[in-house]
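Here are a few notes to read alongside the model. I hope they help you find your way around.

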Amino acid sequence: MIHTDLLAKLLGVLEAIQARAATPTRLSLGAAASVVALTIVLRYLTAKQPKLITDYAKVAKKVNDDGVEFDAWDFIIVGGGTAGCVLASLLLIEAGGSSKNVPLSKTPAAFAKLMRSQWDYHLYTEPQRHAGNKKKFWPRGSAMNAMIAQYGAPSDFDEWAEISGDQSWYIRKFEKYTPDPRFPHVGYNTHLWPGCKAFIEASINAGIPFSPDFCTTKGTKGTNKAMTYIDSKSTRVTTESAYLTDNVLARPNLKVVTHARVSKVLFDTSSGTPRATGVEFASKSRMNKVGPMFRARAIKEVIVSGGAIHSPQILMLSGIGPAAQLLRHNIPVVLDVPSVGANLMDHPSVSLRFRDKTGTYIGESVAFFRSDDQVLFPPAEYNNDLEDASSGPDAPDLEILMCAGAVHSHNIPLNDYYLITVSHRFYTSNSTDTFCAVSPTSKGSLLLKSADPWDDPLMDPSYLETKHDVEVLARGVRAAFKIAHTAPMTSITDLADVVRDRVETVYHPIGTCSMGDGGVVDSEVCDASVFPKLVSGHPTGAVIATAEKLADVIKAHYKS
């Protein structure tokens, strides 16, 4: 809180310096610099300070020897990521901090610079047996992906409805339409790199039709500019900046705790059916010193929104998961749920790097198509008896994404190159949602490394376990070469080797707490971990829609 006298004195100093700066003296340059500096300080001091809590005693009680005393809230949200910020109500506990004051999170093309930084978890998968036995880097954080505004095919959500028995999936609630004369009926707000048009025209010439909008009932297939979540000023928008505005944070019934990791959800088992009653959480310093443990009690519900990695980890640490694994780590079993941590799936991708000879940036252009497209893959040249593991005939199973700059290992730049990323999007009947990282017939798992909540879990997406996955990605590579107007096929004898060597995540792990059989009783989970299958596109919109849906369900339930 700024003291009124101090603010008045600073304003007086600023006025005096401004008056002197108007006088033509040798000190005017220094005075002008002082004006700028003081203006910045005053703007900072007078700006609304976000209501983010790091003093946990304000919202919870330390765990005493008797383990009984702790504060109560109607709802507790665990995780302030894409879903958690949409759901934010009463008490939100986030392991990281706010991204609002991180400039890199506000620039659409700068998201990769957040990787391997102080804002990243620095996660790696287990060695991938079918991909050169390499560990794959997995960036972790809701603001740490491209946030492309493309939802998948309509048939993806029809499939979800069939699996979950719930027909009420919707997207439109969180959309905002802003007219733009360059894009009639679509409402884009974006800068267009000059090379975008060239990539789109090349894709059309190769046989991929133009799509004016990937996010309609007409489906996803086609080529166009790749759109990200931005506002009218082309500033990148996360669910934190969109939903946790200053006015929302000022609500007296909302408390947001940051830099606090939830170690477990507490359950009451006295009735025979486990019911979530609270959480335990703590912080960890940069010197790896764990602070005191705090407890908060939930009167109505605990909603876990830690994402496809940390939601299943939290549940298993709490005693919800495969009994054999929990007992292996001496964790008391609250409920034996074999599906927790199972069915880990991701969109696998392969990056191709091409030298830029023109100096014209390609920009983020994209093409969605199917591996059985007979225009791109003529029957005379290709065997088109590949298994169709998509959600329907209008759902693509391949995506080519063109980026303005080339990198290797996700964020290490390569000058004078541009990047083509080939992603494989497809599904299987017993998978939770797979495309790029876990094949339609391949699925992985997430296991506990130990009972220590600060230990990263063991993540194995089982990339390229099936021959089918490799063949589909190899077709994507050939299509990318075709679109890029290159003919290097004579120098590449086995694209399967290229695919296995270069396969990476495209930041879309899902399914480790999938909806359907084996759900957690009286404890909601809301994030990408509940997806029963991968969408044939980018999942941010689907996560927001899932959170909006749960918010409506909760409001309707407790209103009645």
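1. Two terms to begin with: buried means under 20% relative accessible area, exposed over 50%, and partly exposed in between (1.4 Å probe, protein chains only). Helices (H or I, at least four residues) and strands (E, at least two) are DSSP runs, numbered from the N terminus. This is a predicted model, where local features need pLDDT of at least 70 and side-chain atom pairs count only at pLDDT 80 or more, while totals for chains, interfaces and linings use all residues. Residues are numbered from 1 along each chain as its sequence is written, and side-chain values use heavy atoms, with hydrogens and water left out.

2. Have a look at helix α8, residues 307–317: 11 of its 11 residues are buried. Among them are His 310, Ser 311 and Gln 313. After α8 comes Gly 319, with a positive phi near 95 degrees.

3. On the other side, the loop between β11 (294–304) and α8 holds Ser 305. Ser 305 counts as buried because its relative accessibility is 5%. Its side chain reaches the backbone oxygen of Cys 526 at 2.8 Å. Beyond neighbours within four places in sequence, Ser 305 is in contact (heavy atoms within 4.5 Å) with residues including Ile 77, Leu 87, Ser 311 and Asp 527.

4. Now the largest nonpolar core (buried Ala, Val, Leu, Ile, Met, Phe, Trp, Tyr and Cys residues joined through side-chain atoms within 4.5 Å): it has 128 residues, and Ile 93 and Phe 369 are among those with the most contacts inside it. Helix α10 (residues 467–483) gives this core its largest share, nine residues.

5. Ile 93 deserves a closer look: not counting residues up to four places away in sequence, Ile 93 touches Ile 76, Val 257, Val 279 and Phe 281, among others.

Technical notes. Polar contact = N/O pair within 3.5 Å; in protein donor to acceptor, adjacent residues only side chain to side chain.
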